[in-house]
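Got your viewer open? Let's walk through the empty spaces in this one, stop by stop, with something to select at each.

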Amino acid sequence: MTSDPSESIRDTVRRGYAEIARSGSGCCAGPSSCCGSSSPDRLAQAIGYTADELKTLPDGANMGLSCGNPTAIAELKPGQVVLDLGSGGGFDAFIAGPKVGPMGRVIGVDMTPDMVSKARQGIPVYHKHTGLHNVEFRLGEIEHLPLADASVDVVISNCVLNLSPDKPQVWREIGRVLKPGGRVAISDLALLKPLPMEIRDMVESLIGCIAGAVLVDETRAMAEASGLIEIQLTPKPGYVDAMVDWNDPLYRRVVEHLPEGAKAGDYVTSLNITAAKPTLTLTAHIKELIAIGASVTAHCQPCLTYHVDKARQIGIDEQEVREAIAVGHQVEKGSMSAMTAFTKSVLDSSTQDKPVCCTGRTSPDGKSCCS
Ligand SMILES: C[S@@+](CC[C@H](N)C(=O)[O-])C[C@H]1O[C@@H](n2cnc3c(N)ncnc32)[C@H](O)[C@@H]1O
């Protein structure tokens with residue numbers, strides 16, 4: 001076990017899910033598990049998966065670990081490249097595959113080797129059911145995605161982001177791998193309000209989904225900071241209450257410690273998150289360099305001080321800052337020589353021959369309206 005707290009959380013989560021993958025049960029194979037329902041199909045149907053979708057799934061792909069239905073909100077289209085963060089046994093990846101068809105591709109990423117093996121074991125059955133060869137699973141952390149920049153049309157995920165010890169980094173990675181115009185369709189657990197302290201202490205030791213969940217507004221802030229737009233957060237608290245009704249042990253323990261009359265759904269919710277990456281993406285880096293050049297051309301000294309400072313804060317190389325200043329001076333020089341040429345042409349022309357207004361229109365009495 002590592003001494004880095006983030007790594008230690010990741011290790012605990014990984015061990016919990018390895019056990020779940022090996023036992024094939026979502027409930028409650030390990031103390032760290034984000035416990036799902038003991039009846040995976042019943043849970044899936046309650047959150048909107050159709051019987052048709054479920055019947056084509058390879059055995060074991062649905063382990064009842066979901067807390068939403070991301071493919072239902074993803075509006076997937078043929079030919080798209082889909083990335084499933086924390087793909088587990090391949091549940092949503094196998095459901096997304098037929099929606100993007102033979103020209104599309106679904107890539108599942110999961111950090112637990114046993115989960116990736118389990119998902120890969122399902123590929124031949126998926127192929128037999130659908131005739132498609134368009135789903136693959138990669139071992140990796142969602143904080144360091146094994147994918148190229150701007151290579152994905154849609155990022156989906158089901159009940160995973162809350163488990164990450166570095167959620168802002170996950171959102172930055174989502175922003176990086178999405179193509180301009182790409183979309184996000186994620187289901188996750190979130191807090192509607194902070195949990196009472198005794199529950200936080202209790203669940204923190206479990207490192208389960210609830211302990212890792214953050215407030216809805218914090219999710220919005222992280223998505224915004226990663227440059228995404230059109231962010232819509234739709235709480236679905238009914239799902240959490242349904243899990244409690246089904247006697248899930250982790251949720252039951254939470255409910256037992258809630259203030260009199262409160263329900264788990266008053267604090268914890270399933271959250272649908274949709275967002276988009278802007279079509280035209282100027283990075284913060286490029287924007288600062290443009291602002292530096294423009295500040296020079298506009299002779300705006302406070303602007304220049306501000307933007308050079310900001311550029312340094314976000315780690316822009318000093319040489320790039322100097323180049324941006326040089327470009328600003330060049331534009332200014334170009335503008336000066338164009339003005340000099342224009343001044344000369346104005347002096348060379350006869351106002352008697354061309355009586356024009358400043359606006360370019362001839363004045364009614366034949367004189368310039370500039371005077
Ligand atoms: C609650 S399960 C959900 C699995 C799947 N999405 C589903 O709905 O069936 C969480 C999954 O996310 C994976 N996971 C958790 N944290 C991760 C991280 N930081 N990077 C990659 N995978 C992670 C776990 O290994 C596990 O398979």
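## Stop one: the open pocket

Start with the largest pocket, which holds about 580 Å³ of space. Bear in mind as you click around that the model is predicted. To centre the view, select A225, S226, G227, T283 and A284: of the 19 residues that line the largest pocket, these lie nearest its centre.

Now colour by secondary structure. Three helices, α8, α11 and α15 (284-297), each put at least two residues into the lining of the largest pocket. Which of them should you highlight as the one that gives the most? Pick α8, with 5 residues in that lining. Switch to colouring by residue class and the lining of the largest pocket shows 9 nonpolar, 5 polar and 5 charged residues.

## Stop two: the largest cavity

Next, go inside. There are 2 cavities of 30 Å³ or more, and the largest cavity has about 420 Å³ of space. Select G86, G88, D110, V160 and L163 to find the middle: among the 33 residues lining the largest cavity, they are the closest to its centre.

For the walls, show α1 (5-23), α5 (91-100) and β2 (105-110). Each of these elements supplies at least two residues of the lining of the largest cavity, and α1 gives the most, with 4 residues. By class, that lining splits into 16 nonpolar, 11 polar and 6 charged residues.

## Stop three: the ligand

Stay where you are and turn the ligand on. Where does the ligand sit? In the largest cavity, the one you just explored. Select the shell around the ligand next: it has 21 residues, and G86, D110, T112, I142 and E143 come nearest. Helices α1 and α5 each supply at least two residues of this shell. The shell's make-up is 10 nonpolar, 7 polar and 4 charged residues.

Time for the distance tool. Three atom pairs are good to label:

- S66: an N or O atom in the side chain of S66 is 3.2 Å from an oxygen atom of the ligand.
- I142: here the partner is a backbone N or O atom, 3.0 Å from a nitrogen atom of the ligand.
- E143: an N or O atom in the side chain of E143 lies 3.1 Å from a nitrogen atom of the ligand.

Then put a surface on the ligand. How much of its area does the protein bury? The ligand taken alone exposes 600 Å², and the protein buries 100% of that.

## Stop four: the second largest cavity

One more void to go. The second largest cavity has about 80 Å³ of space. Its lining is a selection you can type in whole: L161, N162, K167, W171, D188, L189, A190, V214, T219, M222, L271 and I273.

Which elements give two or more residues to that lining? Show α8 (167-177), β5 (178-191), α11 (216-225) and β7 (268-276). Strand β5 gives the most to the lining of the second largest cavity, with 3 residues. Colour by class again and you get 8 nonpolar, 2 polar and 2 charged residues in this lining.

Before you close the session, keep α8 selected and flip between two views. Helix α8 supplies at least two residues to the lining of the largest pocket, and α8 also gives two or more to the lining of the second largest cavity. Do the flip again with α11, which contributes to the pocket lining and to the lining of the second largest cavity.

Terms used:
Residues numbered from 1 in each chain as written. Predicted model: local features only at pLDDT ≥ 70, side-chain atom pairs only at ≥ 80, totals over all residues. Heavy atoms only, no water. Near = heavy atom within 4 Å. Polar contact = N/O pair within 3.5 Å; in protein donor to acceptor, adjacent residues only side chain to side chain. Areas by Shrake-Rupley, 256 points an atom, 1.4 Å probe, with all protein chains shown as cover. 1 Å grid on protein atoms, 1.4 Å probe; cavity = no way out; pocket = protein on both sides within 12 Å on 5 of 7 lines; lining within 4 Å. Sits in = over half its atoms within 2 Å of the grid points. Nonpolar A, V, L, I, M, F, W, Y, C, P; charged D, E, K, R; others polar. Points joined across faces, edges and corners; volume = space filled by probe spheres on them.
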